[in-house]
Each structure stands twice: as structure tokens, then as C-alpha cells.
Amino acid sequence: MKASIFSPQPSFDPWWWEAAPPAATIVRDVPSAADVAIIGAGYTGLSAALTLARAGRSVVVLDAGDPGEGASSRNGGMLGSGHKVSFAAMSARYGHATAVAIIKEGLASLVYTVDLIRREDINCHFSQTGRFRAAFNVKHYDSLGREADFLRKELGVEVDMVPRAEQHREVATDVYHGGCVYHQHGTLHPALFHKGLLDRVVAAGATVIGRTPVTTIERINGSFSVITDRTPLTVGNVIAATNGYTGTVTPQLRRRVVPVPSFIIATEPLSAETINELIPNGRMIVETRRLHCYYRISPDGRRMLFGGRASLLPMDTRKSAKRLYDIMVKLFPQLANVRISHSWTGFVAFSRDHLAHIGVNDGIHFAMGYCGSGVAMAPYLGYKTAQKILGSPEGKTAFDETKFAAIPLYRGHPWFLRFLDPYYRITDLFE
Ligand SMILES: Cc1cc2nc3c(=O)[nH]c(=O)nc-3n(C[C@H](O)[C@H](O)[C@H](O)COP(=O)(O)OP(=O)(O)OC[C@H]3O[C@@H](n4cnc5c(N)ncnc54)[C@H](O)[C@@H]3O)c2cc1C
């Protein structure tokens, strides 16, 4: 009988929580009035709160769970420049000028978030490791090459192609068809980043309250009454910073983002030789296939953290661990006898055009739809949302030019994912 893939006592919480568990203690009375209420205490909400509190506004951040319990303390900690969509596809949809402006927003989000970490002196193991985007087939390699040419020539991005014959200098597998390295991308410990932001927000004077779901937002004479199971909170502005956890409180926004689970496993500690062989330059690795995998070495240099879309539907994390393990071992047969110590999941939010969105809907400010790439973009758009509320021209973004479209025949129950999951699996095989 095959031995279990799990450690004797596996954990089904994020490995990150061992260093920085979500802040469970922040439960207290809700004040009766403030300038701004923010729903969601992830990177988006906290970044908006920090900007507004430093500008002298009274801010209350409310989270249904413990602050950080959403995607912001569960993710892969890969810091990139934002978009899933290629320049060619964006340009076909929005025209050359808007597409260039959107790509620039992605680059600006990376600069903003790196600067935020440095300026606020947040100790979250940030490192500019670079990212290797691994081509799943020759067609993907060619389109990565065209995109790299554009980024290098038009925008001065540091990006290099790595042909298949040389890919072992980045990753020890023969499955890929080469790829490209984005040198400016980086890595961090997501839960420590969240904790650092939370500490700065509280120190700036904002009130952050956990385990307090917002159930209704009522409009009264130009202001809002934010309803929870405690005192109603009257505010001038509301920000929905709920991304993959957007629910019935903002039904219009809910029709615009599809919650999709992402899954990660952590291996037990590996030898230094194995780690150096697997990912010699210590970069973040992200694949081009639709149901892609993303993986990296943990900040302590000892484990493989291997993530991916084990399923497009929520799944028990024992089962998702097995799926991810099988994929990992196909890529790296040398890991066949390694055991899994942690397996967890969280929700990302996909928009119809696979771009992030920011704006005002039904009087409520929002920033969401990061499509699985929010570590840099969420803090950036949280900041931009705050600037919009402050009435500053700094709040303008290229996303103001794009439409945040509702998803047809969708009101919050993503029935179509059941069909998309097998379809994507098949097209990944034959594309
Ligand atoms: C497993 C995984 C891996 C990922 N890996 C990466 C990566 O490597 N790189 C990258 O760039 N991105 C990654 N992402 C995406 C990234 O984590 C998110 O884009 C980002 O954290 C979104 O931040 P946020 O603040 O907008 O939302 P979240 O951090 O998800 O916070 C939303 C919060 O809203 C709260 N909420 C919802 N409704 C209510 C309500 N009614 N009342 C009160 N509170 C409410 C929720 O409780 C939640 O805490 C990953 C995501 C996951 C799940």
C-alpha cells in the first residue's frame, strides 16, 4: 500500500499562520459614526484605511472574520506587476493607448507596494527574486517572447527569455518549453506583510474590528448606515474591499466578480541540495497553462510551497492536497517521497475582462477583481480608492477607462465553473 502523502500531523491552515496568525483579538464595540467605513480588512481595505487615517479621516474597518483571514494571509506571496491579460489581448479590447496605460498601472502597483513595505519598514521577508514564467507549450513560449519584446522596448521592463535548453538554470523540470524572467518581481511573506500593514493602520488611529460581518448598507440623506449585529455605524463613505469574499451586502458588485478557490500545499523541510536543485535562482515560478500552478521556496529556504487551481470549485483541502501533490511530482519526480505538512485554500476574484477594477457603484467605492494577482495591486488600488475619497487627482487610474461589466446569467452562484473546470483541463492538454 502506498504511504500517506501527509505528515503524521498535517495542518489545514496556511503555513504562513505559524509566523503570523490572523489577529483574533480585534473584537469590540462598533462606534456610532465615522467618516469612512471599510468592509474587508485585507490588503485593499488596510491600504485604504492607512491612507485615509493619515489624512485625518476617522475610519472603521469591519471584517466578517479575523482581520487577514481572507486571501491576504493565505496567498503565495508572489509580488508581480498585476495583470493576467497580455498586452495584445488588452490592446484588441481597449485600444493601444488604454492598454499601455493599464500595463503601466501594473508596473506602478509593484513600485508602490515595494515602496510601501520599505517606507513603513514592514518586516515581511521581501526580496526582489524575480519571477520565471514557464511556457506550457511552444505557442505560449512564442507569445511570451512577443510580450517580452514589447515590455522591454516600449516600457523598459527588465525581462529575458530563457529557451527550453537552458531552463534548468531556473527550474529543475523538463515539462516546460522555456519561459521568461521578470527581474523586477519579488516575493514576501504574505501574513507578515498583512500583520505589518494592520499594525500601521491601528497606529495611525483607524479602528479595525474583526468577526463583525456587515449585513446591510442603508442610504440615509446622503450618508450611509452600516448595519452589523451591533450599533449601526453612520458614515459619509463606504469602501467595499471584499474581493473573492464579496457577498449579498453589495449585490451589484457580487454580479461582477466570480469567487474562484486557489489551493496551496507546503512540503516538509527539504535538504539544501534539493532546494538548490529545484529552483536554483530562488525565483517565483508561475505557469502559462489555464489551470496554472505557481510555486516557490519558503522564506526560510526549507520548503516547497506549491499552489494551483486544483479545482475551480471549493474542495476539501485533503483532496486538493492530493491533486496538487500529483501535479508537483509530475513536474519534479525527485519529490515523490516527500510528505505534505500543510494544505490550505482561499478565494480569489475573477472579473469578466480578467482585469482589476476600481470605482463607485451605487454610491459605494470599491477596488476588486484582482484575478489571483493582488499582492501588489490590492494595496495600490486601496491607496487609489482612498485618494478618490479625499478628492485628490492622485486617485485617477487607467482602470477608470474600463467597464466593470456584470457577468451574464450570474447573481452570485457560479454555476458555470462546473463546466469550465473540465473544459480548461482538456484545453490545457491539447492547446
Ligand atoms: C491561495 C491563494 C494564493 C494567492 N497567491 C497570490 C500570489 O502569489 N500573488 C498575488 O499577487 N496574489 C495572490 N493571490 C491573490 C491575493 O491574495 C488577493 O488578490 C489579495 O489578497 C486581495 O486582497 P483584498 O484585501 O482585496 O481581499 P481579501 O484579503 O480576500 O479580504 C477580503 C475580506 O473581506 C471580508 N468580507 C467579505 N464580506 C464581508 C462582509 N459582509 N462584512 C465584513 N467583512 C467582509 C472577508 O472576510 C475578507 O477578509 C492569492 C490568493 C489565494 C487565495
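How far is an oxygen atom of the ligand from an N or O atom in the side chain of Asp-63? The two are 2.6 Å apart, and that pair makes a good starting point for a walk through this predicted model.

## Contacts with the ligand

Besides the side chain of Asp-63, two backbones offer polar atoms to the ligand. At Val-375, a polar backbone atom lies 2.9 Å from an oxygen atom of the ligand. At Tyr-245, a backbone N or O atom is 3.4 Å from a nitrogen atom of the ligand. Taken alone, the ligand would expose 1,000 Å², and the protein buries 94% of that area.

## The shell around it

In this model, 37 residues surround the ligand. Asp-63 turns up again here, since the closest residues are Thr-44, Asp-63, Ala-64, Ser-72 and Met-78. Sorted by class, the shell holds 18 nonpolar, 17 polar and two charged residues.

Which elements each supply at least two residues of this shell? They are helix α1 (43-54) and the strands β13 (258-267) and β17 (340-350). Of these, β17 gives the largest share, with three residues.

## A cavity in the protein

Now for the empty space. Rolling a probe the size of a water molecule over the atoms shows where such space is left. Here the count comes to one cavity of 30 Å³ or more, and the largest cavity holds about 40 Å³.

The lining of the largest cavity draws on several stretches of the sequence: Gly-82, His-83 and Lys-84; His-354, Leu-355 and Ala-356; Gly-369, Tyr-370 and Cys-371; and also Ser-373 and Met-377. By class, these lining residues divide into five nonpolar, five polar and one charged.

## Helix α3 and what follows

Helix α3 covers residues 96-119, 24 residues in total. From its first C-alpha to its last, α3 reaches 34 Å, close to the 34 Å expected at 1.5 Å a residue. Just after α3 comes Asp-121, which takes a positive phi of about 55°.

Notes: Residues are numbered from 1 along each chain as its sequence is written. This is a predicted model: local features need pLDDT of at least 70, side-chain atom pairs count only at pLDDT 80 or more; totals for chains, interfaces and linings use all residues. Side-chain values use heavy atoms; hydrogens and water are left out. On a 1 Å grid over the protein atoms alone, a cavity is a set of points where a 1.4 Å probe fits but cannot get out, and a pocket is an open set with protein on both sides within 12 Å along at least five of seven lines; lining residues have an atom within 4 Å of a point. Grid points are joined across faces, edges and corners, and a volume is the space filled by probe spheres set on the points. Ala, Val, Leu, Ile, Met, Phe, Trp, Tyr, Cys and Pro count as nonpolar, Asp, Glu, Lys and Arg as charged, and the others, Gly among them, as polar. A residue is near a molecule or strand if one of its heavy atoms lies within 4 Å of it. A polar contact is a pair of N or O atoms within 3.5 Å; within protein, one must be able to donate a hydrogen and the other to accept it, and residues adjacent in sequence count only if both atoms are side-chain atoms. Accessible areas come from the Shrake-Rupley method with a 1.4 Å probe; for residues, only the protein chains shown count as cover. Helices (H or I, at least four residues) and strands (E, at least two) are DSSP runs, numbered from the N terminus. The expected span of a helix is 1.5 Å times one less than its number of residues.
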